[in-house]
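Please consider how aromatic rings and nonpolar side chains are arranged in the structure shown below.

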Amino acid sequence: MEEAARVELTVDAVAPGGHCVARVDGQVVFVRHALPGERVVAEVTELHRGFARADAVEIVEAAPERVTPPCPYARPGGCGGCDLQHVAPAAQLDWKVTVVREQLARLGGLTEAEIDALRVTVGPLPGGPLGWRSRVRYAVDAAGRAGLLKHRSHEVVPIDRCLIAHPAIQQLPVLGRPWPTADSVETVASTGGDVVVTALADGVPTRVDLSGPPSAVDGPVGSAVVEVDGSATVREVAAGRDWTLPPGGFWQVHPAAADTLVDAVLDLLAPQPGESAWDLYGGAGLFAAALAGRVGPDARVTMVESAAEGVAAARRNLADLPRVEVVAARVETALARRRVTGPVDLVVLDPPRTGAGAAVVRGMIAASPRAIAYVACDPAAFARDVRTFTRAGWRLAALRGFDLFPMTQHVELIGLFLPPSR
């Protein structure tokens, strides 16, 4: 097998990463743009020791779940942002459930019976599979054209529209115009109605000029558009509160995500008045505020965040909640150096894609909470932490999945962990 060679093969099971597994002469091939059971012609894109990567460039026998991608750029050699546009929306949810189950078994060490007992599902969010992404970062190529990156590449694919982008972002005059001094262009359409464009050169915000030639995308641009020089903020609405943060600050990219996750966390933890709580990797303070609203004004809530931008946003947005303490530190450091101390009743854990890690899990367990809600954006990292919990005697008592990123292979999970006594 050689790079760029084309081989006909039968596609096997779904695998993590937005592809399926196939085998050619005993060699494992990870195939994108395919579905289990299909017979396809695949073009080899990468060769590695022990495996290869390929794109399905011709469908010989299609699976019933296959659909025509709505976006012309969602194809082999095109934009790498959407992994599953060729999959019917309902089948995308099944695809993600399969990945979650496989990771819980292979990396989490759970038995099939234990996984079955969790009744893992992935639920859709309101709004459908297109037009949901409220934050889009366009890359700019050497010719000054804005677009999105190919899969596993720094090569920019110029586009005239991104169909998963929020409608307000699709209407912006960003695509189809030159960006001679920018490396990237960041766009935001907030739940509070703000629409912001930030051009970046070497990571530094620069003045945006939207007065040039019209975009290739027709449509009015509202007066709410802000041309950013690095000083703007946007307003988000979630958990019954208004939030202000920089356009580049972390916030969930699906408009319904923040409320969906807050509702699920509160439902799983069932906070009671007077209980103490930690919000680890707290960002702008979303879960801390939600917990404070349930445990009451006399209970202690401690939030830990390491990013200076997040700490500043949390302190600004939680200023009306005097019993919420914002600790500026890495979570591992805060636990190891006792910047946060137990005992504590409840913990919300929302780590980055790499997961919490064994040291953080053990630090939380040592504080003797009655329950931990783990918000995860990567099933593999989550599963590795599941193993750490179970080896310490804790159990994964409930697991919910949410399709916060339709048309992509990504899935959000919320797990409820309980100690041995519960």
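The following paragraphs treat the nonpolar cores, then the charges over rings, and finally the aromatic pairs.

The model is predicted. Its largest nonpolar core has 80 residues, of which Tyr138, Trp179, Trp243, Leu269 and Leu318 touch the most other members. Helix α4, residues 257–269, gives the most to this core, with nine residues. Around Leu318, neighbours within four places in sequence left aside, the contacts are Arg241, Trp243, Gly285, Ala288, Ala289, Met303, Val324 and Val326. A second core, separate from this one, comprises 43 residues, including Leu110, Val120, Tyr374 and Ala383.

Two tryptophans of the largest core, Trp179 and Trp243, also have an arginine over the ring. For Trp179, the charged end of Arg177 sits over the ring, 5.9 Å from its centre. For Trp243, Arg241 lies over the face, at 5.7 Å from the ring centre.

A pair of aromatic rings is described by the distance of the centres and the angle of the planes. The search of the whole structure yields eight aromatic pairs. In one of them, the ring centres of Tyr374 and Phe417 are 6.3 Å apart and the planes stand at 50°, so the pair is tilted. Tyr374 belongs to strand β20 (residues 371–376) and Phe417 to strand β22 (residues 412–418); the pair thus links distant parts of the chain, 43 residues apart. Both Tyr374 and Phe417 are buried. The pair of Phe389 and Trp394 is likewise tilted, because its planes are at 50°, with the ring centres 6.0 Å apart. Phe389 and Trp394 are buried as well. Together with Phe382, the residues Tyr374, Phe389, Trp394 and Phe417 form one aromatic cluster.

Definitions and conventions: Residues numbered from 1 in each chain as written. Predicted model: local features only at pLDDT ≥ 70, side-chain atom pairs only at ≥ 80, totals over all residues. Heavy atoms only, no water. Phe/Tyr/Trp six-rings, centres within 6.5 Å; stacked < 30°, edge-to-face > 60°. Helix = DSSP H or I, 4+ residues; strand = E, 2+ residues; numbered from the N terminus. Buried < 20%, exposed > 50% of the residue type's maximum accessible area, 1.4 Å probe, protein only. Lys NZ or Arg CZ within 6 Å of the ring centre and 35° of its normal. Core = buried A, V, L, I, M, F, W, Y, C linked by side-chain atoms within 4.5 Å. Contact = heavy atoms within 4.5 Å.
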